[in-house]
Amino acid sequence: MQMEQIVALCKRRGFLFQSSEIYGGLNGFWDYGPLGVLLKRNVKDAWWNDMITSHNELVISNGAPGTYDMTGLDSSIIMHPQVWKCSGHYDLFHDYMVDCRESKKRYRYDHVIGRFVTAKKRGEDGKPSTEIRIFVTTIETENTQSALEDAALKFFALRKKDTETLKWEGTIQSIATLPDFNEVLAPDAKHIGTLTQPREFNLMFKTIIGALGNDDDAAFLRPETAQGIFVNFKNVCDCMRVRVPFGIAQVGKSFRNEITPRNFTFRSREFEQMEIEFFCHPSQSAEWYKYWRDYRFAWYIKLGLANERLQLREHNADELSHYSCGTADIEYQFPFLPQGEYGELEGIAHRGDFDLRSHIEGKLVKEGEQLVLEKLPNNQPKYRGSGKDLSYYDDLTKERYIPHVIEPSAGADRATLAFLCEAYNVDSVPDEKGQLQERVYLKFHPRIAPIKVAVFPLVKKDGMPEAATEIYSELKKNFSAFYDDKGAVGRRYRRQDEIGTPFCVTIDGQTLQDETITLRDRDSLKQIRLKKNELVTELKNRL
Ligand code: ATP
C-alpha cells in the first residue's frame, strides 16, 4: 500500500517515469524525471565524494598500513568479448527460469513461491465438487499470503466469503523445494501443471559490432562495471604511480536481461552501479575486507537510512562464489517486500586474486581448494587470458605479487530507491484555519535532497516578487533552488514538502521594510526570521 503511494508520488512529482510510456512502456527500464535525476546525481556525488575525493584514511586494526589512494575510471560499456569469457560471465552468469505453457509467461525459478492448499472446487452448477489439493503460487509481493488466497479462490471458483473453507498446509516455500510441478498452479495460469522444468538463461545482452557483423562478431553490454577496472589495472598503476593498497572506483550503467524485472527500479534491466575494486596485499586482505564492509554500512546510515531497517548479512560458506573467502550484503527492508524481508543494496566481496589471475591466465575454476585453469577435454585452455603480466611490484619490499581484491559493489538505483522509501513520511499539520491536514513529506538528508531551498513571495504584488527573485538569483549561485509564486503559500509549502525540500524562504511585507525573511524547516516546521544577507551562511551551516 505504502509502496503504491511512493510510486504514484514519484510519477506525479517527476522522480521516475516508466520508459517509453507513451508506447505502453518497456518492462525493466525506467526514466528519471527532473527531480529524480537530481536525487540520483546527489546519491552518486555523495558516494564519489565520500569514497574517493575525501576518503577516510584510517589505520586498520592489525597495524597494517593505514593510508590508501583512491582513483576513478570510466570504462566503455562494450568490451572485448574475451573479457566475459575469462571473467566467467559468458559461461556462468545465468539464472534458472521456468516457462508457463498456458500463459506463455516466464519466471525466475527461485522467485516463484507458494503454499499447498486443499478445497472443494465449485462446478458450473454452482455446487462444490470433491476436494483438490494444489500448490498455489505467486511472485513475492508485499503481502504474499493474501495474493495466494486470491489465486486459490479464483482456481476453486469460490467467493471471498468462502476464504475460510481453504485448508492451508505448511509454510510459504519456493517451488524449488518440490519434486515435480504436477500440482503447481503457476502465477498466471488457470490450470495446474503448466510449468516447464527450470532452464538456464544467460543474463548478458548481446549485440553485433559493425555493419557487416554476424554472430562471430557478437559482443555484450557489460553486466557489471567491475571488469573495466580489472583490465585497466596495469594502466592505472603505471600512470598514477599508486602504491598498493589503493582502490579504483567507477560509476556507470550495467545491463542484465533479468527474467522477471520487478519491484519498481529494484530489479531493472538497465541500471547504474557504483563499484570499487580495492587492491591490497594478500596478507592484509581479510582486514581490508572488514574495513570496507563496515565503512560501507556506516555510509548508508550517515545518509539517513534507519539502522533498524538495514542489515549487514555475512554469506554462509555455501553461498560464497568459488573464489571468495568472505562476502557480505548490505540489505534494506524495502516496503514492497514481505514483512521482515530484506533486499540487497550492495555486496562487499573478498575476491582474492581471482579476477586479475583470470585476465592473465584464462578462465579459472575451483578444483578442491585450488583455482585452476579450465581446460577442454583435449587439455587445451577453455579460454585464454590476455597473457599480460598484471602482477604488482613493490619497490620498497622488493616483492612481486598479484594483489587481492575487495569489491564493494553498490547499485545507484537501489540506493536511490531506498532513500526515497525511507524518506516517505506522513503526518498532520494545521492549515491556515488551524484545521489538521494530512501532510506527505520526503525527509531526505539535506545532502541528497533534489532541491535544497525554495523561495516564495507571500503575494504576487507590492514589490515582493521582485525582492524574491533577487534572493532566488543569489541562492541559485550556491544551492539547487526553486522559485514559486503560484497559489496560496500553505500549498506551496506542501508542494515542497512532498519533494523533500529541506528549507523554504518567504518574502513578505516586512522584508521590504527591514530586509528580513522567514526561513522554514521542513521537518520541525519551525520558522525563524533573519536578515536576508545572512541567509546563504545560515543555509550553508544547516546543509
Ligand atoms: P540480486 O541478487 O538482487 O540479483 P546481485 O547479487 O546479482 O543482485 P551484484 O552482481 O552483486 O548483484 O551487483 C551489485 C549491485 O548492483 C547490487 O547490490 C545491486 O545494488 C545492483 N544491481 C544488481 N542487479 C540489479 C538490477 N537488476 N537492477 C538494479 N540494480 C541491480
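## Salt bridges and cysteines in a predicted model

Cys504 is a buried residue, its relative accessible area being 0%. The structure it belongs to is a predicted model, and the cysteines are taken up here before the charged pairs.

**Cysteines**

Across the whole structure, the search for disulfides returns zero. For Cys504, the nearest cysteine sulfur belongs to Cys10 and is 19 Å away, and Cys504 is in no disulfide. Cys10 likewise counts as buried, at 0% relative accessibility. The closest cysteine sulfur to that of Cys10 is in Cys421, at 7.9 Å, which is too far for a bond. A disulfide would need the two sulfur atoms within 2.5 Å.

**Salt bridges**

The search of the whole structure gives 48 salt bridges. Three of the pairs are described here, with the N to O distance of each in the table.

| Acidic residue | Basic residue | Distance, N to O |
|---|---|---|
| Glu498 | Arg13 | 3.0 Å |
| Glu346 | Arg296 | 2.8 Å |
| Glu474 | Lys477 | 3.1 Å |

In the salt bridge of Glu498 with Arg13, the contact is made by the side chains. Because Glu498 sits in helix 12 (residues 489-499) and Arg13 in the loop between helix 1 (2-12) and strand 1 (16-18), this pair ties together parts that are 485 residues apart in sequence. Glu498 is buried, with a relative accessible area of 15%, a value that falls under the 20% limit for that class.

Glu346 and Arg296 also form a salt bridge, their closest N and O atoms lying 2.8 Å apart. This pair links distant parts of the chain, since Glu346 is in strand 17 (residues 343-352) and Arg296 in helix 8 (residues 285-302), 50 residues apart. Both partners are buried: Glu346 has a relative accessibility of 1%, and Arg296 has one of 0%.

Glu474 pairs with Lys477 at 3.1 Å between the closest N and O atoms. Here Glu474 is partly exposed, with a relative accessible area of 40%, while Lys477 is exposed at 63%.

Salt bridges also join residues into a network. Its members are Asp95, Arg108, Asp110, Glu258 and Arg267.

**Summary**

The predicted model contains 48 salt bridges and zero disulfides. Among the salt bridges, Glu498 with Arg13 ties together parts that are 485 residues apart in sequence, and Glu346 with Arg296 links parts 50 residues apart. Of the cysteines, Cys10 is buried, and so is Cys504.

Methods. Residues are numbered from 1 along each chain as its sequence is written. This is a predicted model: local features need pLDDT of at least 70, side-chain atom pairs count only at pLDDT 80 or more; totals for chains, interfaces and linings use all residues. Side-chain values use heavy atoms; hydrogens and water are left out. A salt bridge is a side-chain nitrogen of Lys or Arg within 4 Å of a carboxyl oxygen of Asp or Glu. Helices (H or I, at least four residues) and strands (E, at least two) are DSSP runs, numbered from the N terminus. Buried means under 20% relative accessible area, exposed over 50%, partly exposed in between (1.4 Å probe, protein chains only).
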